Amino acid sequence: MRTLLSERIVASAISNPQFVVLSGDHGYALFDALRAQRPNQFLNVGIAEQAMVGYAAGLAKTGFRPLVYGLSAFVPLRVLEQIKLDVCYPALPVIFLGDGAGLVYSTLGSSHQCGEDIACLRPLPNIAIYSPCDAYELATCFDEALHSKTASYIRIGKSDRPAVNLMPPSTTEPYFTHESSSTKLCVISSGSLVSVAKDLGEKLDIPTMSVPRIQPFPQQLAKSLLRFQFLVILEEHSRFGGLFSSLAETMSEMEAKDRPRFFSLSLKNQFAEKCGSYQYALAEHALSDRDIERRLLEIIHSIA
Amino acid sequence: MNFDPKLLRRHVLNMAYNGGSVHIGCAFSLIEIMSLLYAEILTFDPQNPKSENRDYLVLSKGHGVMAQYACFREIGWLTDEHLRSYLSDGSLLHGLSESHTVGCEVSSGSLGHGLPIAVGIALGLKMRGNQKRVFCIVGDGELNEGPNWEALAFASHHQLSNLWVIVDANAFQAMGRSQDVLNMEPMVDKFRAFGLASEECSGHDMGALRKTITHLEQEKPKALVARTVKGKGITFMENDNQWHYTRLDKNLLDACLKELA
C-alpha cells in the first residue's frame with residue numbers, strides 16, 4: 001500500500017508541476033522517491049501542522065494542488081479548524097493524507113493513535129472522506145481525490161494487511177468482497193479491517209462489503225442493505241461518527257417496514273491502557289483478528 | 001476613489017450604526033494603514049478583484065474588516081447599499097472578514113489563520129516566479145496565537161521577501177491592555193530574532209508608514225510594527241477598549257460625524 005502511495009505521489013508530481021506535497025516532518029521513507037525525482041515539489045515545513053494547512057491553502061489560492069501529509073492523529077485532528085476555515089470554507093482543492101490511522105502506532109500510545117478522524121471531518125462541507133482497504137482501493141480513491149475540485153481526506157490505516165482486490169475497483173462505491181446468497185447477515189467494513197471481514201466471509205459464507213468512500217456517503221448502500229436482517233459494521237474507528245454512524249443515520253431516514261438490526265464492532269470509547277503490539281492494542285478494544293471472529297460467531301449464534 | 005481617512009472613518013461609523021455593529025475601535029486603528037495600502041502601495045484591478053496580477057492584502061485581523069469594507073466601497077467592489085444593509089438579514093457582509101466577500105482574501109476572526117495563508121500565497125507566487133507581493137495585517141493581540149510564529153519562522157527560512165507583515169499594534173485586545181493580558185513586546189526584536197527585517201513607526205502617520213514599508217530590507221520578509229491607537233479619530237473612543245464592544249446610538253453617531261466633518 002505504501003509503495004503504491006509513493007508511486008502515485010511521484011507520478012502525480014511528474015505529470016502535474018502544480019502538485020506539491022507538504023509534510024510536517026513526517027513520512028521520511030515514503031517521500032524518498034519524490035525527493036529524489038521532484039525535490040522542488042516536496043516541502044518539509046517543520047513540526048508545525050497548523051501553519052502547514054494555511055500554507056496549503058495559500059498555495060491552492062495561487063493555483064497549486066497541495067497534498068498535506070501527516071499522521072491522522074495530527075492531520076486532521078490537530079488542524080481541524082484550519083481545515084474547516086482555510087480549506088473547506090473557500091472550497092480549495094487540497095488533499096489531506098492521514099497516515100497511521102486507528103491503532104497502527106500501538107506502541108507509541110494514545111498521542112499517535114486515532115479513532116476519531118472520520119468523525120471529526122464528517123460534518124464539514126466541501127471535503128470527501130476515503131478509507132481505502134488496500135493498495136488497489138487507495139489507487140482509485142487517490143485518483144478521485146486528485147481530480148476533485150474540492151478537498152479530500154484519505155485515511156491510511158494498517159497498510160500491510162493482505163490485499164482484498166486484484167486490481168483497482170472502477171469506482172469508490174461500496175462493493176461485495178465476498179458474495180453469498182444468504183440474506184440474514186452482512187458484514188460491512190472499511191479500511192484496515194476489510195480483509196479480516198473478507199476472510200471471515202469466505203470461511204463462514206456470509207456476505208461482506210467494503211465501503212471505500214465514507215463521505216459523501218453512498219446513499220444506495222443503505223437501500224441495498226434493507227434485504228438483510230442483521231448488519232455487522234466493522235471498523236478501526238470509534239462507533240461515534242464513523243461508518244456505523246453514517247449507515248445508521250442514513251438508514252434511519254429511509255422509509256422501510258423492517259430495518260435490519262445493527263451490531264457495531266469498533267474502537268471502544270477509551271484510550272490505550274497498556275503498551276503492546278498492533279494485535280494487542282486491537283484486543284483492548286476486542287478487535288483483534290481472533291476477537292472479531294469470536295464476536296461474529298457469537299452474533300451468528302445469537303440470531304440463529 | 002477617495003481613501004481619505006476621515007471619509008473611510010465616516011463609512012465605518014455609518015456601517016456600524018446601520019448594522020448595530022461592535023468592533024469600531026478595531027477598525028479605526030487600521031484606517032491609515034488601509035488607506036495608504038489601497039491608495040499608493042497595492043496593485044489591484046478595480047474591475048477584477050481576483051486579477052492574477054494583483055498584490056494580495058490578507059486581513060488576518062478580521063475584527064477590523066469595516067475599515068476594509070470602507071475601502072472596497074471606494075474602489076467600487078461594494079455599494080452604498082451594501083454598507084447601508086450591513087449585518088441585516090440576508091445581507092452580503094459579515095461582521096468579520098469572509099473569503100466569500102469580494103476583495104477579502106481569507107476568512108478571519110478566528111485568529112492566527114491569515115498569516116500562514118499569506119505565507120502560503122507568498123511561497124506560491126515565488127514558486128511561480130510571480131513578482132507580486134503579499135501584505136498581511138495582524139493584530140498585536142492576535143500574535144498571541146502560535147501558528148503566527150510557525151509561519152514567521154517558515155517565511156524567514158524560505159526568505160519570502162515578497163511578504164510584508166503589518167502589525168496593527170493598538171495595544172489592546174478583547175479583554176484589556178495587551179501588555180497586561182499577554183505581553184508580546186518587544187515585537188520588533190522578536191521579528192528580527194526570527195530573521196525578518198523589522199521596524200516600527202506610527203500607524204497613523206502616512207509619511208512614516210510609506211517610508212517604513214518601502215525602506216525595509218528588500219531581501220528578507222518584512223514586519224512593520226505600526227503603533228496605533230484603538231478607536232483613533234474620535235476623541236472619546238481613543239484608547240477606550242469599550243469601543244471593542246459598544247454600539248452607536250444616533251446621538252453618538254452625530255457627535256462622531258461632527259468630529260470627522
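User: Is His147(A) buried or exposed?
Analyst: In this predicted model, His147(A) counts as exposed because it has 9 C-beta neighbours inside 10 Å, where the cut-off for that class is 12 or fewer.

User: And where does His147(A) sit in chain A?
Analyst: His147(A) lies in the loop between helix H6 (135–146) and strand S6 (151–155) of chain A. Its C-alpha atom is separated by 27 Å from that of Glu235(A), a residue 88 positions away along the chain.

User: S6(A) came up there, so which strand is joined to S6(A) by 4 bridges?
Analyst: That is strand S5 (residues 127–130) of chain A, and the two run parallel. Within this pairing, Ile129(A) of chain A stands opposite Tyr153(A) in S6(A).

User: What is the strand order of the sheet in chain A?
Analyst: The sheet is open and consists of 7 strands in the order S2-S1-S3-S4-S6-S5-S10 (chain A), with mixed pairing. Strand S2 (42–44) and strand S10 (213–215) of chain A stand at its edges, and since each has a single partner strand, one side of each is left without a neighbour in the sheet. If direction is ignored, neighbouring strands of this sheet are turned by 20 degrees against each other on average.

User: Switching to the interface: how many residues does each chain put into the contact?
Analyst: Chain A contributes 20 residues and chain B contributes 18 residues. On the chain A side, helix H3 (49–61) and helix H4 (80–88) each supply at least two of the residues that touch chain B, and the largest share, 9 residues, comes from H3(A).

User: What classes of residue are on that side of chain A?
Analyst: The side of chain A that touches chain B has 11 nonpolar, 6 polar and 3 charged residues.

User: What confidence does the predictor give the complex?
Analyst: The complex is given an ipTM of 0.95 and a pTM of 0.96. For chain B, the mean pLDDT is 96, and 100% of its residues reach 70 or more.

User: Then on to chain B: how is its open sheet of 5 strands ordered?
Analyst: The order is S1-S2-S3-S7-S6 (chain B), and the pairing is parallel. S1 and strand S6 (197–202) of chain B are the edge strands, each with a single partner strand, so one side of each has no neighbour in the sheet. From one strand to the next, the twist averages 20 degrees.

User: Which helix packs on that sheet, touching S3, S6 and S7?
Analyst: Helix H10 (residues 206–215) of chain B does, with strand S7 spanning 222–227, and the direction of H10 makes about 175 degrees with that of S6(B).

User: How many residues of S2(B) are buried?
Analyst: Strand S2 (residues 134–139) of chain B is mostly covered, with 6 of its 6 residues buried. Val134(B), Cys136(B) and Val138(B) point one way from S2(B), whereas Phe135(B), Ile137(B) and Gly139(B) point the other way.

User: What does S2(B) pair with?
Analyst: S2(B) runs parallel to strand S1 (residues 56–59) of chain B, to which 4 bridges join it, and also parallel to strand S3 (residues 163–169) of chain B, through 6 bridges. Phe135(B) is the bridge partner of Leu57(B), and the bridge partner of Phe135(B) in S3(B) is Trp164(B). Val138(B), for its part, stands opposite Val167(B) in S3(B).

User: What unit do S2(B) and S3(B) make with helix H7?
Analyst: Together with helix H7 (residues 146–157) of chain B, S2(B) and S3(B) make a right-handed β-α-β unit.

Note on methods
Residues are numbered from 1 along each chain as its sequence is written. Chains are lettered from A and ligands numbered from 1 in the order in which they are written. This is a predicted model: local features need pLDDT of at least 70, side-chain atom pairs count only at pLDDT 80 or more; totals for chains, interfaces and linings use all residues. Two residues are in contact if their C-beta atoms, placed from the backbone, lie within 7 Å. Ala, Val, Leu, Ile, Met, Phe, Trp, Tyr, Cys and Pro count as nonpolar, Asp, Glu, Lys and Arg as charged, and the others, Gly among them, as polar. A residue is buried if 20 or more other C-beta atoms lie within 10 Å of its own, exposed if 12 or fewer, and partly exposed in between; C-beta atoms are placed from the backbone. Two strands pair if DSSP finds at least two bridges between them. A crossover is right-handed if, with the strands pointing away from the viewer, the path from the first strand over the helix to the second runs clockwise. Axes are lines fitted to C-alpha atoms, for helices over the stretch in contact, and angles run from 0 to 180 degrees between N-to-C directions. pLDDT is the predictor's confidence in each residue, from 0 to 100.
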